[in-house]
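Please find below my notes on the model, set out as numbered points. They are meant to be read with the structure open alongside.

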Amino acid sequence: MPLSCAFVNLKPGVGKTTSAVWLAHALYELGMPPLLVDGDPAASALRWSELANGFPFPVIALPVGDVHRRVNDFLGNRQAVVLDAPQLEDHPRIARSIMRYAGEWIVPVTPAPIELDRMAPIRGEMADVQSLRAEPARSAVLLNRTNRPDATRTGPDADAREALTERGFEVLDTHIARLDLYAQSFGNPVQAKGSAYMDFAEELIKRQDEV
């Protein structure tokens, strides 16, 4: 089965689009050219590709409530699909449809108390969508915009990892540091080699292989 990964969260501004675009480039550089599905009505990923004079893989806009029925029409023989979902609180039908399709749900979370407090409603949304699937999706938290580039296990963001784990969330080993490299990358060409997103892609591939 192709690797299919959706970035989901209740609210905007958590780094879903940035993570989706960078992950897609990392997969491409690893020899798995993906299909990037922009499900957000704002079409930020699609606009990014236009400003960057195109990505080396297809980007399609599908801000519709039946994404899960349409993606395979565009997939071809590709072995990876990256889906940028809109915020659940504003576009629940589209986001839930994307979650019905993707085998892996990634929740980007900034290690701040207000963000951690919003994780309980996400769990409820996940449970609702799982009930609609033939097979359960995997899910994990991606700690994003962390305060130190070295580690979240011993640095100031370690409490966030611990709190999420105690609440029953799986937290990926990879984390994304708060760097201008990512924050200022919108509209520019992306080279994932040497970035945390390359580590992220490799971790997702390993998770896929373990299924």
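**Notes on helix packing, cores and backbone**

1. In this predicted model, the axes of α1 and helix α2 (residues 44-51) come within 10 Å of each other and cross at roughly 55 degrees. That angle makes α1 oblique to α2, since angles between 35 and 65 degrees fall outside both the roughly parallel and the roughly perpendicular ranges. The crossing in which α1 passes α2 is right-handed, and the residues that meet there are T17, T18, V21 and W22 on the α1 side and S44, A45 and W48 on the α2 side.

2. T17 deserves a separate look, as a residue of helix α1, which covers residues 16-29. With a relative accessibility of 16%, T17 counts as buried, because the cut-off for that class is under 20%. Its side chain makes a polar contact with the side chain of D84, at 2.6 Å. Leaving aside residues up to four places away in sequence, T17 touches S44, A45, W48 and D84.

3. Helix α1 also packs against helix α10 (residues 196-210), at an angle of about 75 degrees and with the two axes 8 Å apart. This makes α1 roughly perpendicular to α10, because that class runs from 65 to 115 degrees. On the α1 side the contact is made by T18, S19, W22, L23, A26, L27 and E29, and on the α10 side by Y197, M198, F200, A201, L204 and I205. T18 and W22 appear in this list and also among the α1 residues that meet α2.

4. Which residues touch the most other members of the largest nonpolar core? Of the 36 residues in that core, they are V37, V71, L83 and V141. Two or more residues each come from β2 (35-38), β4 (80-84), α5 (92-101), β5 (104-109), α7 (119-130), β6 (138-146) and α8 (158-166), and α5 gives the most, with five.

5. V37, one of the residues singled out in that core, touches I60, L62, V67, V71, V81, V82, L83 and D84 when residues up to four places away in sequence are not counted. Apart from the largest core lies another, of 34 residues, with L36, V82, Y182 and A201 among them. V82 is thus listed as a contact of V37 while being a member of this other core, and A201 of this core also takes part in the contact between α1 and α10.

6. Helix α8 has A158, A160, R161, A163 and L164 as its buried residues. What covers them includes α6 (113-117), α7, β6 and β7 (171-177). After α8 comes G168, whose phi is positive, near 95 degrees.

7. Two residues other than glycine with positive phi should be checked by eye. N53, with phi near 60 degrees, is found in the loop between α2 and β3 (59-61), and its relative accessible area of 75% makes N53 exposed. R145 has a phi near 55 degrees, but lies in strand β6; at 29% relative accessibility, R145 counts as partly exposed.

Methods: Residues are numbered from 1 along each chain as its sequence is written. This is a predicted model: local features need pLDDT of at least 70, side-chain atom pairs count only at pLDDT 80 or more; totals for chains, interfaces and linings use all residues. Side-chain values use heavy atoms; hydrogens and water are left out. Helices (H or I, at least four residues) and strands (E, at least two) are DSSP runs, numbered from the N terminus. Buried means under 20% relative accessible area, exposed over 50%, partly exposed in between (1.4 Å probe, protein chains only). A polar contact is a pair of N or O atoms within 3.5 Å; within protein, one must be able to donate a hydrogen and the other to accept it, and residues adjacent in sequence count only if both atoms are side-chain atoms. Contact means heavy atoms within 4.5 Å. A nonpolar core is a set of buried Ala, Val, Leu, Ile, Met, Phe, Trp, Tyr and Cys residues joined through side-chain atoms within 4.5 Å. Axes are lines fitted to C-alpha atoms, for helices over the stretch in contact, and angles run from 0 to 180 degrees between N-to-C directions. Angles under 35 degrees count as roughly parallel, over 145 as roughly antiparallel, 65 to 115 as roughly perpendicular and the rest as oblique. A crossing is left-handed if the near helix is turned anticlockwise from the far one by less than a right angle, and right-handed if clockwise.
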